[in-house]
Amino acid sequence: MGLPTDAVVASRHTKRRASWSSRSGLAAYGFLTPWMLGMLLMTLGAMLFTIYLAFTNYDLLSQPRWIGALNFHQILQDPNFWTSIRVTFIYVVISVPARLIASLLVATLLNKEVRGIGIYRALIYLPSLIGGSIGISIGWKKLFDAAGPINSVLKAVGLHGPVWLGNPRTAILVIVLLSVWQFGSEMVIFLAGFKQIPGYLYESATIDGASAVRQYFHITLPMLSPIIFFNLVMGTISSFMTFTQVYVLTDGGPMNSTLFYVLYLYEQAFQYYHMGYAAALSIILLIMIAVCTGFLFLTSRFWVKYDV
């Protein structure tokens, strides 16, 4: 027998590569299968089932009964629904910008290469790791109690502190402060953004005689605008879904002044067992978040700069 020709050798190599690529592809699909099943069953399946429940009368104890759009009609007639929307939007409008400003200012201060700066960054980031927990919410409630440390300090300097969580005007501010206190994750993202700003921009501005304040507003903020936009979108979405802090601190009181939307949804689902009603509320929440996010994306073209 003669030696294999170059064409035969090349054909064998091609088949081996094809076989290896096929095995690699199967392995990749094998690793992806659990995620795909979870996505289909736990996410997409749950969403489709929620949409179905929104058009039914369901209380967990009996079979769902189709009632059409009656749940949505009742929701629009419920004054607590409109109260929850008003309270949630007030919270979003106040807490999201306040948290962004706080995180940006602290990131600006920590954008220094000095000894021990990593320790300061870690300590400031720590509240973001534990800030949304039930334990911290309970501690925050004790802090703003009528006889708590905050009012004790105010009393020591001759001031009379209010009943923070018992006053409709101040209760939501306590929740806003708890949200702002958890600015660490946004701060870390801002710090990463600072590292991506080219140094020659500041050098050129300094040569042209621009002050540090002018450089900050004309170089730093425009270059950070994509990061600001990202934090703004994520902060808006998470603020709409605020639940744990409100449930622990006020449970919607006093006089529904902190009746957040997700808390109202939770009450309908797990206190009154109006599962179909709650499913309709969740769809409305999804629509509200989508509309607000879409509005942010539409307006971003006017102030977000993606080029140097």
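The exercises below, each with a worked solution, concern helix packing, domain contact and backbone geometry in a predicted model.

**Exercise 1.** Determine how α3 and α8 are oriented to each other, and describe their contact.

Solution. Start with the geometry: α3 covers residues 79-110 and α8 covers residues 184-195, and the two pack at an angle of about 50 degrees with axes 8 Å apart. Angles under 35 degrees count as roughly parallel, and the range 65 to 115 counts as roughly perpendicular. The angle therefore makes α3 oblique to α8. The hand of this crossing is right-handed.

Next, list the residues. From α3 come Arg99, Leu100, Ser103, Leu104, Val106, Ala107, Thr108 and Leu110; they meet Ser185, Glu186, Met187, Phe190, Leu191 and Phe194 of α8. Sorted by class, the contact of α3 with α8 holds nine nonpolar, three polar and two charged residues.

**Exercise 2.** Classify the packing of α10 and α13 from their angle, then sort the contact residues by class.

Solution. Helix α10 (residues 212-240) packs with helix α13 (residues 275-300) at about 165 degrees, and their axes are 10 Å apart. Angles over 145 degrees count as roughly antiparallel. So α10 is roughly antiparallel to α13. The crossing is right-handed.

On the α10 side, the contact is formed by Phe229, Leu232, Val233, Thr236, Ile237 and Phe240; α13 supplies Leu285, Ile289, Cys292, Thr293, Leu296, Phe297 and Ser300. The classes for α10 with α13 come to ten nonpolar, three polar and no charged residues.

**Exercise 3.** Which residues of α3 and α13 meet, and of what class are they?

Solution. Take the axes before the residues: those of α3 and α13 come within 13 Å and cross at roughly 35 degrees. This crossing is right-handed. In α3 the contact involves Phe81, Ile85 and Phe89, which meet Leu281, Ile284, Met288 and Cys292 in α13. The classes are seven nonpolar, no polar and no charged. Cys292 of α13 appears in this contact and also in the contact with α10.

**Exercise 4.** Describe the contact between domain 1 and domain 2, beginning with the bounds of each.

Solution. Domain 1 spans 23-54 and domain 2 spans 79-301. Their C-alpha centres lie 32 Å apart. Four residues of domain 1 and five residues of domain 2 take part in the contact. The area buried between the two domains is about 360 Å², and carbon and sulfur atoms give 82% of this area. To see where the domain 1 share arises, look at Thr50, Leu53 and Ala54: these lose the most area to domain 2, together 81% of what the domain 1 side buries.

**Exercise 5.** Find the backbone exceptions in the loop between α11 and α12 at Asp251 and Pro254.

Solution. First, place the loop: α11 is 244-249 and α12 is 261-270, and Pro254 lies between them. Asp251 is found in this loop as well. Second, recall the usual case: most residues other than glycine have a negative phi, and most peptide bonds are trans. Third, compare the values. Asp251 has phi near 55 degrees, which is positive although the residue is not glycine. The peptide bond from Gly253 to Pro254 is cis, with omega near -10 degrees.

Key:
Residues numbered from 1 in each chain as written. Predicted model: local features only at pLDDT ≥ 70, side-chain atom pairs only at ≥ 80, totals over all residues. Heavy atoms only, no water. Axes fitted to C-alpha atoms, helices over the stretch in contact; angles between N-to-C directions. Helix = DSSP H or I, 4+ residues; strand = E, 2+ residues; numbered from the N terminus. Left-handed = near helix turned anticlockwise from the far one by under 90°. Contact = heavy atoms within 4.5 Å. Nonpolar A, V, L, I, M, F, W, Y, C, P; charged D, E, K, R; others polar. Domains from an automatic or database assignment. Buried area = accessible area lost by both parts, 1.4 Å probe.
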